[in-house]
Amino acid sequence: MPKAKKKSVKKTVKKAANKSAKSAATKKAIKTSKVRAGAKKSGEIGGEILLQPPRGMRDLLPGEQSYWSQIRRVLSRMALEYGFGRIDTPAVEYANLFIRSIGSGTDIVDKEMYLFSSRGGGDKLALRPEFTASIARAYLQHGMNVLAKPVKLFSTGPVYRYDRPQEGRYREHFQANFDIFGEQDPILDAQLIQLAHRVMASLGIKNIQFQVNSIGCPKCRKEYQDLLVAYFESKKQKLCQNCKKRLETNPLRILDCKEDKCIQVASAAPQSIDRLCPECRVHFKNLLEYLDELDLPYMINPKLVRGLNYYTKTVFEIWSGDENERKYSLGGGGRYDYLIEELGGEHTPAVGFALGMDRVVQEMKRVHARTHVEPKPQVFLAQLGDLAKKKSLKTFAELQKNGILTAESFGRGSLKSQLRVADKLGVQITLIIGQKEALDGTVIVKDMVSGTQETVGMDKLVLSVKKILKNNVIVSRNGE
Ligand SMILES: [Zn+2]
Ligand SMILES: [Zn+2]
């Protein structure tokens, strides 16, 4: 938290404390906490309690949920249409799973992974920085190789990367992940890209472009990598410090370095698509033919390599363009034909992609996309008196069970203040149970649209409410 903000929170706490009757005790507590804060740094156990989550993480408040509901609905719908089964894996795995599959020498493993030891120190654990390694682990563990191919798995949830937080990039962010196991054919790569395109279109995000590339298989990539290393060695003095290191650990990543001088060097570097073996070349050619057939907006980007070592052949990203033509990635994926084998399984070609949900939500806001709005209650239940209050919870549940979304303000005693809440909500019907009604087993049903009211027996309540709601719909339709 910035210093100024911290101060103001404290001030507010102090102000509130001064007003309170227990102000002396509270003052003392604040004093103690100040002393403690001086002794221990924030974030340390025993230190000051900061009213905020760790840096790079945030709350998704109710006001923002309509975007998230919409994206979740679209994703579930697409998963169903394309035959994906839902899978949920833990957010924590043994660190080795990610180190071995994503690979050392990558930014994710070397710099961005949250690593910790379990209590007692025996197990080295990690917060998942991505999904695919976990999904592949689950595929093997649960013997999904015996299932009919392809096996299609879909997942959503938080992933964690210790990266520099910036707009649209959080240390805890949310991904939707689609993986297909057991098929070699590029038609599946194309189908995944089609799926991604449909997700975007359904969300109202029209201005997107797919970047595609093939980085070859272990056979042809070795040769290409040697060529690339030789090229960058000859220009080593022009590379940034990071890329000088990457030359030893992960030379492919130099191609997507964001430093100007590296971009310049990389522009003349040999391209992987010129060095593909016959099998990889045919695979890539077929993929492009499928994309042409689908009429999808794509571009071959020879510099696209993705930051994970398990990729082979196809890699792709979904880029969004705004008015100023600035492009950023909303997600990406590729083929990983050897990952299952590397984790100890039989040879299983596979392809997958992940969508950055936070980025997609940001893009939805930018293009003013339609969101999913939950229905608002049209009925308000008010009560007056002890007996009525006792009956109200049961009546409330009865209405909800019958599909009548109902609001209430049971904590308030006076009828007037309850009706004020009903008024604010703009409901169509107000139900009132008073002392007399509670004794008689009746309810006053007030139609707020027509202004009429009647007293009905508890057993007729649902029917009566439904009738008014139905009539009002017809009236408002006719009025349009
Ligand atoms: Zn190859
Ligand atoms: Zn660089």
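**Exercise 1. Determine which residue of β15 stands opposite T430, and place the pair in its strands.**

Solution. T430 stands opposite K446 in β15. The model is predicted: local features need pLDDT of at least 70, side-chain atom pairs count only at pLDDT 80 or more, and totals for chains, interfaces and linings use all residues. Residues are numbered from 1 along each chain as its sequence is written, while chains are lettered from A and ligands numbered from 1 in the order in which they are written.

Next, consider the strands. Strands (E, at least two residues) and helices (H or I, at least four) are DSSP runs, numbered from the N terminus. Two strands pair if DSSP finds at least two bridges between them. Strand β14 (residues 429–433) is joined to β15 by 4 bridges in the antiparallel sense.

Then follow β15 (residues 442–447) to β16 (residues 453–457): these strands are antiparallel, with 5 bridges. Here I444 stands opposite T455, and V445 stands opposite E454. The hairpin has 5 residues between its strands, and G451 takes a positive phi near 85 degrees.

**Exercise 2. State the order of the strands in the open sheet of 8 strands, and identify its edges.**

Solution. The order is β1-β5-β6-β11-β10-β9-β7-β8, with mixed pairing. The edge strands are β1 (85–86) and β8 (298–300), each of which pairs on one side only. At the β1 edge, 2 bridges lead to the parallel strand β5 (residues 151–160); R86 has F154 of β5 as its bridge partner.

**Exercise 3. Describe the largest nonpolar core and name the helix that gives the most to it.**

Solution. A nonpolar core is a set of buried Ala, Val, Leu, Ile, Met, Phe, Trp, Tyr and Cys residues joined through C-beta atoms within 7 Å. A residue is buried if 20 or more other C-beta atoms lie within 10 Å of its own, exposed if 12 or fewer, and partly exposed in between, with C-beta atoms placed from the backbone.

The largest core has 80 residues; L192 and V199 are among those with the most contacts inside it. Helix α7 (residues 186–202) gives the most, with 8 residues. A second, separate core of 20 residues includes L384 and I429.

**Exercise 4. Decide whether I263 is buried, exposed or partly exposed.**

Solution. I263 lies in helix α10 (residues 260–267). I263 counts as partly exposed because it has 13 C-beta neighbours inside 10 Å.
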